[in-house]
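This briefing collects a few local features of one protein chain, grouped by topic. Please keep the sequence and the structure in view while reading.

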Amino acid sequence: MNESDYIKVFAPATVANVCCGFDVLGFALDQPGDEVWARKSDTPGITITAIEGISGLSFNPEENVIGVVAQKIATALDVPFGIELQLRKGMPVGSGLGSSAASSAAAAYAVNELLGKPFTTEELVVFAMEGERIASGSAHADNVAPSLLGGFVLVRSYDPLDIVPLGVPVELYCTCVHPLVELKTSLARSILKKEVPMQKAIRQWGNLAALMAGLLKGDYSLISRSLHDEIFEPERAFLIPLFKQAKQAALEAGALGAGISGSGPSIFALSATEERAQEVEKAIEQVYASSGIELNTYVTRVPDKGARVIQQPSLHAQA
């Protein structure tokens, strides 16, 4: 088997919603993330031979997001050989940092590379969304799109799918704090009201539009004023222990803004410099210091690249 028969890919975690962009806006992180190995196989179909970094995930390719995504691509291209996959999880499921999306994105990118890049990275979003459908019951793109493309990505429409990659028009650093508490996405969605008062909707639209303008103009003040969620954060805040105190601490430490990452329980804060992001990390850690709640924390820039080939491992490492 030659080197073209196998590939290894990393896809990053993501922050979705970004306060005012519920289900339509997300951005990539440099870390953490997931890795997927893919190689051609004489065994027909999709097989998952190893899962590292987490327990409890299914090896059945019809029940695991990487298998589902790989099968969708293989079926679309009528691939005449089998594909073997391995997964290394770099973050826990249910963190609010796009765990299933990172796996889905890594699988889509790896299989596409393995097959000679028949699809553009933008076209891979549709396939990666099928992994999200298996994971959460909804084929949403606000995590998988930035995980694949990097930077900020706006989902203008789902029917038809229309995504707008924004890149990283202004330098930003993100502090992510993951309190190690369980919060199911299904619960976080179930408490949301189905109707929104007109005045709140208007303010939310204004915030989202202004955030886009702030990013494109490089206006940190406008970005800061726009990172506000009128609708969903007030309904979800009580689900995350010490969220309000952590957000206030982040703002007092100089963050441009802060909010719930995805459906939680992770908290994100954006800063203009890495030094400020590190100060925000310390401030939030201090909030939780005496709570008995353990944290995973990350300080990372918002990168302009998403999923990427990291190496072609030896066949011995694949055994």
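Helices and strands are taken here as DSSP runs, of at least four residues for a helix and at least two for a strand, and they are numbered from the N terminus. In that numbering, Pro32 belongs to strand β2, which covers residues 25-41. The model is a predicted one, and the points below deal with its peptide bonds, its backbone angles, its cysteines and one helix residue.

**Cis peptide bonds**

- The peptide bond between Gln31 and Pro32 is cis, with omega at about -5°, and the proline of this pair sits in strand β2.
- Gly264 and Pro265 are likewise joined by a cis peptide bond, for which omega is about 5°; Pro265 is placed in the loop that runs between β8 (257-260) and β9 (267-271).

**Positive phi outside glycine**

- Asn17, although not a glycine, has a positive phi of about 80°, and its position is in the loop between β1 (6-16) and β2.
- With a relative accessible area of 7%, Asn17 is buried, because buried means under 20% relative accessible area.
- Cys19, also not a glycine, has a positive phi of about 70°; this residue lies in the loop between β1 and β2 and is buried, its relative accessible area being 4%.

**Cysteines and disulfides**

- A disulfide requires a pair of cysteine sulfur atoms within 2.5 Å, and by this rule the count comes to zero disulfides.
- Cys20 takes part in no disulfide, since the nearest cysteine sulfur, that of Cys19, is 6.4 Å away, whereas a pair would have to lie within 2.5 Å.
- For Cys174 the nearest cysteine sulfur is that of Cys176, at 3.6 Å, and Cys174 is in no disulfide either, because the cut-off for a disulfide is 2.5 Å.
- Cys20 is buried, with a relative accessible area of 4%, and Cys174 counts as buried at 0% relative accessibility.

**Ser104 in helix α2**

- Ser104 is found in helix α2, which comprises residues 99-114, and it counts as buried at 0% relative accessibility.
- When its neighbours within four places in sequence are left aside, Ser104 is in contact with Val65, Val69, Ala128, Gly131, Glu132 and Val144, where contact means heavy atoms within 4.5 Å.

Note on methods:
Residues are numbered from 1 along each chain as its sequence is written. This is a predicted model: local features need pLDDT of at least 70, side-chain atom pairs count only at pLDDT 80 or more; totals for chains, interfaces and linings use all residues. Side-chain values use heavy atoms; hydrogens and water are left out. Buried means under 20% relative accessible area, exposed over 50%, partly exposed in between (1.4 Å probe, protein chains only).
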